[in-house]
Amino acid sequence: MGSLTNETTTEHGGIPIVDFAHWTDDAPLEQKQVIASQLIRACQSVGFVYITNHLIPPEKIQEAFAWSQKLFALKQEDKLLAPHPPGHAVHRGYSWPGLEKVSNSMGDEEDSGLVDKLRQVEDFKESYEIGSDAYPDQPNVWLPEHVLPGYRAFMTDFYWRSWANAKMILKAMAIGLRLPDEDFFLRFHTGHENQLRLLHYPPVEAKRVEEGAVARMDAHSDWGSVTMLFQDECGGLQ
């Protein structure tokens, strides 16, 4: 096993890369501390970080993107068999272009005037949101099995693989912050309240985006502890 240092490399505008190849459950605390310190330094200095050699194999991520492509290639009437529930409380199922508007507004949900103003520029994207089947506050909205056979089984497995990855990151954050217990953050997360989100940006005329007629997804802050972004060759933050 090679040596570890406290230095990180950078790529794409100075975003740090943290390699978790040496992170294992039975690794010495000193070894974990080096990786954890790199992670915390990246979070504090940049706010974004690339993580390599994590727990999800590259082929599983490629398979997830393949399922995502199959999903969004379905006819609209088939995707609408799993519609996003009305209102803002439950975030599950399929959202069609223009349904959702992401903004950096906080605490103004009851201001109808602000909501109307924000919605004047629609988000031209579609998404499908998945969670734990054992979380009644956010019940899943699945496609009928015959519409896309195997989709539910794969995405359920991928959801829990992602949670295992998130647990590793939360442990590293606790160690990097020198908290007395590496499971400190895990006491506030069960794995059931997470969200797996598939996103697709249909083609749109560049002129409409440049003129502000439509948006892809405006700048915003997520409300969870950690957001993990899996990227294909298109790149981008979301």
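The following exercises, with worked solutions, concern the strands, helices and aromatic rings of a predicted model.

**Exercise 1. Determine the strand order of the open sheet that contains E6, and identify its edge strands.**

Solution.
Step 1. The open sheet consists of three strands in the order E4-E6-E7, with antiparallel pairing.
Step 2. Strand E4 (93-95) and strand E7 (196-200) each have a single partner strand, so they stand at the edges and one side of each is left without a neighbour in the sheet.
Step 3. From one strand to the next, the twist averages 15°.
Step 4. The pairing of E4 with E6 rests on three bridges, and Gly93 stands opposite Glu129 in E6.
Step 5. E6 and E7 are joined by five bridges in the antiparallel sense; Tyr128 has Leu198 in E7 as its bridge partner.

**Exercise 2. State which helices lie on this sheet and at what angles to E7.**

Solution.
Step 1. Helix H2 (residues 58-72) lies across E4, E6 and E7, and runs at about 60° to E7.
Step 2. H5 also packs on the sheet, where it touches E6 and E7; the direction of H5 makes about 120° with that of E7.

**Exercise 3. Establish how far strands E6 and E2 are enclosed.**

Solution.
Step 1. A residue is taken as buried under 20% relative accessible area.
Step 2. In E6, five of the five residues are buried, so the strand is largely enclosed by the rest of the structure.
Step 3. Glu126, Tyr128 and Ile130 point one way from E6, while Ser127 and Glu129 point the other way.
Step 4. In strand E2 (residues 15-19), four of the five residues are buried, so this strand too is largely enclosed by the rest of the structure.
Step 5. E2 pairs with strand E3 (residues 50-52) in the parallel sense over three bridges, and the bridge partner of Ile17 in E3 is Tyr50.

**Exercise 4. Classify the aromatic pairs Phe20–Trp23 and Tyr128–Tyr151, and place the second pair in the chain.**

Solution.
Step 1. Two quantities describe a pair of aromatic rings: the distance of the centres and the angle of the planes.
Step 2. The structure holds eleven aromatic pairs. In the pair of Phe20 and Trp23, the centres are 5.6 Å apart and the planes make 45°, and the pair is tilted.
Step 3. Phe20 and Trp23 are both buried.
Step 4. For Tyr128 and Tyr151 the centres are 5.4 Å apart and the planes stand at 90°; since planes over 60 degrees apart count as edge-to-face, the pair is edge-to-face.
Step 5. This pair links distant parts of the chain: Tyr128 belongs to strand E6 (residues 126-130) and Tyr151 to helix H5 (residues 151-176), 23 residues apart. Both tyrosines, Tyr128 and Tyr151, are buried.
Step 6. Ring pairs connect Trp67, Tyr128, Trp142, Tyr151, Phe154, Phe158 and Phe230 into a cluster.
Step 7. Lys70 lies over the face of Trp67, at 4.4 Å from the ring centre.

**Exercise 5. Is His84 buried or exposed, and which backbone oxygen lies 3.2 Å from a polar atom of its side chain?**

Solution.
Step 1. His84 is located in the loop between helix H3 (76-79) and E4.
Step 2. The relative accessible area of His84 is 11%, so the residue is buried, the cut-off being under 20%.
Step 3. The backbone oxygen in question is that of Val90, at 3.2 Å from a polar atom of the His84 side chain.

How values were computed: Residues numbered from 1 in each chain as written. Predicted model: local features only at pLDDT ≥ 70, side-chain atom pairs only at ≥ 80, totals over all residues. Heavy atoms only, no water. Phe/Tyr/Trp six-rings, centres within 6.5 Å; stacked < 30°, edge-to-face > 60°. Buried < 20%, exposed > 50% of the residue type's maximum accessible area, 1.4 Å probe, protein only. Helix = DSSP H or I, 4+ residues; strand = E, 2+ residues; numbered from the N terminus. Lys NZ or Arg CZ within 6 Å of the ring centre and 35° of its normal. Pairing = 2+ DSSP bridges. Axes fitted to C-alpha atoms, helices over the stretch in contact; angles between N-to-C directions. Contact = heavy atoms within 4.5 Å. Polar contact = N/O pair within 3.5 Å; in protein donor to acceptor, adjacent residues only side chain to side chain.
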